[in-house]
Structures are given as structure tokens and as C-alpha cells.
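Here are my notes on this one, written as a set of numbered points. Keep the structure open beside you and look up each residue as you go.

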Amino acid sequence: MTAVRRCVQCKAAALFVVREWQHKALGLFTGVKTFELECQNCRARVVLHPWTEINVERVFAFVFMPALFPGLFFWLRARKKARAWTENPIVERSSIEGIAQPREPSRRCECSAIATCVAVVKEGRLTLPLGTRHEYQCPVCTARFAVHDAWGIVFMSFAAAVLAAVGLLVILVPSGPTAEIQASNQGFGVAFLAFSAFAALLFAWRVRQRLTHPLVTP
Ligand SMILES: [Zn+2]
Ligand SMILES: [Zn+2]
């Protein structure tokens, strides 16, 4: 869930995540994310790079220390990225008054109170958009929930179908020069099916979230 950060430029507690990018390794989502934030007060933009990336650059800086300039280059880059985190600290939501929140329609909480939209986050990876996530906060039971847009839901069903098709194909039509290699390839097929099941669960969860939190028209 996203938190509000204090903007280093205008000092307002108005820095919201507007976009987040997932990082992939070996074709799989790693859970590592880069966040793009925008100040709702002065429109300043801040990018929060993942700490793993910053630490890798710190290691590079150390390794390249004998070669002065590359070492300095990585050290400055890592420092700049680390500062974006510390200069724009998280602020408690309770201390925020009169800040421009995303003006999006509200949705009903499961406790039947009206929950307001507190964040709009575009999800994606490099150039592939994975839909938009709206986050809501209920003022009565303080529950937080997220609702994905149609594209985010369609994408999940698409991902589940493609993964299942690939998995089944690999299991039913094993390829490989020997029986052992065929068997190990079938193992990959099972892994694809497992990812497909995971995507299908996410799909079902997103559909459920939309249905149980209908839009509230004022
Ligand atoms: Zn600002
Ligand atoms: Zn509630």
C-alpha cells in the first residue's frame, strides 16, 4: 500500500505514488518495484529506486574505487537515489489536512460505509502497462482495499490462459532428445501451470474486489 510522503521542494505532505514499475528477473516478477511520485501541491516529481538497485551501485562504487571516475560515478548515483528516500519522508495520514487527494469516485466498503480514493497507481513494467490500481480508505472501519481497472483484470485472465496453454503443451507434447530431458522439461510445464493458477487466483480476487466494492455515485 502506498503512503504519503513529504515533498522536499515545497515541504507539503502531498507526495503521492502515481506509477509503480515491477522489476523482472529471469522472466519472473521479483517483487522489487520502482516508484514514481508526484507532489499534488507543486507538481515536483520524485523517483524512488529500489534499495537492491542502490546497494548494487554502492558495490560497484567500491569495486571501481581504484579507477577513480567510475567509482565516483556509481557512488554519486547511489547517493542521489538513496537521498530521494530520506529527503521525502513518509507522513502520518492523520496529520494531513486539506491536501489535494485524487479526485476519483468513491467505492463502498464491506462495512457499507463510503470509502474515498486515496491513491491512483499505474502498474507496469518497462513499457508494458499492467493496468491501474485505485486504493481506498474507509473512514469508519479504517479498512484499506484496492480495486483494479478493467485492463488490469483482463491482463490477469490473459496471463493465466497463456501460462496454462504453454504448461499443457509442454506436458502433453514433451520435446527433448532423451527421456530424462523430456521428463525435466515436463517439470517446467508443471511450473507454468502453477503460475497460471496463481494468475487465475489474482484474477478472481480482482473481480471479487470490484463486485464487493461498487462505485458510489454522489
Ligand atoms: Zn511539492
Ligand atoms: Zn469500512
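1. Start at tyrosine 136, which stands opposite phenylalanine 145 in β7. Right beside that pair, glutamine 137 stands opposite arginine 144, again in β7. One thing to keep in mind for this and every point below: you're looking at a predicted model.

2. Now zoom out to the strands those residues belong to. How many bridges join strand β6 to strand β7? There are 5, with β6 covering residues 128-137 and β7 covering residues 144-148. The two strands run antiparallel. They make a hairpin with 6 residues between the strands, and in this hairpin threonine 142 takes a positive phi near 60 degrees.

3. That phi deserves a short detour. Most residues other than glycine have a negative phi. Arginine 43 isn't a glycine either, yet its phi is positive, at about 65 degrees. You'll find arginine 43 in the loop between β2 (28-39) and β3. Is arginine 43 buried or exposed? It has 11 other C-beta atoms within 10 Å, and the cut-off for exposed is 12 or fewer, so arginine 43 is exposed.

4. Serine 112 is another non-glycine residue with a positive phi, near 80 degrees this time. Where is serine 112? Look in the loop between β4 (106-108) and β5 (114-125). Serine 112 has 9 other C-beta atoms within 10 Å, so it counts as exposed.

5. Next, go to strand β3 (residues 45-48), where valine 47 lies. Valine 47 has 13 C-beta neighbours inside 10 Å, so it counts as partly exposed. Which residues is valine 47 in contact with, leaving aside its neighbours within four places in sequence? They are Thr34, Glu36 and Ala84. Take glutamate 36 from that list: it is 11 residues from valine 47 along the chain, but the C-alpha atoms of the two are separated by 4.6 Å.

6. Tryptophan 151 makes a nice companion case, this time in helix α3. It is partly exposed because there are 13 other C-beta atoms within 10 Å. Check the spacing to glycine 131 as well: the two residues are 20 apart along the chain, and their C-alpha atoms are separated by 5.2 Å.

7. While you're at α3, look at how it packs. Two packed helices are described by the angle between their axes and the distance between the axes. Helix α3 (residues 150-172) packs against helix α4 (residues 179-212) at an angle of about 160 degrees, and their axes are 7 Å apart. Why is α3 called roughly antiparallel to α4? Because that angle is over 145 degrees, the cut-off for the term, α3 is roughly antiparallel to α4. The crossing of α3 and α4 is left-handed. Sorted by class, their contact has 19 nonpolar, 7 polar and 1 charged residues.

8. Then do the exercise again with helix α1 (residues 51-63) and helix α2 (residues 68-87). These pack at an angle of about 155 degrees, with their axes 8 Å apart. That angle means α1 and α2 are roughly antiparallel to each other. Their crossing is left-handed. On the α1 side, the contact is made by Ile54, Glu57, Arg58, Phe60 and Ala61. On the α2 side, the residues are Gly71, Phe74, Trp75, Arg77, Ala78, Lys81 and Ala82. By class, that gives 7 nonpolar, 1 polar and 4 charged residues.

9. Last, the whole chain. How many helices and strands does the chain have? The count is 4 helices and 8 strands. Read from the N terminus on, the elements go β-β-β-α-α-β-β-β-β-α-α-β. The chain has 218 residues, and 19% of them count as buried. As for contacts with a separation of 6 or more, 51% come from residues 24 or more positions apart.

Definitions and conventions: Residues numbered from 1 in each chain as written. Chains lettered and ligands numbered in written order. Predicted model: local features only at pLDDT ≥ 70, side-chain atom pairs only at ≥ 80, totals over all residues. Pairing = 2+ DSSP bridges. Axes fitted to C-alpha atoms, helices over the stretch in contact; angles between N-to-C directions. Parallel < 35°, antiparallel > 145°, perpendicular 65-115°, else oblique. Left-handed = near helix turned anticlockwise from the far one by under 90°. Nonpolar A, V, L, I, M, F, W, Y, C, P; charged D, E, K, R; others polar. Buried ≥ 20, exposed ≤ 12 C-beta atoms within 10 Å, placed from the backbone. Contact = placed C-beta atoms within 7 Å.
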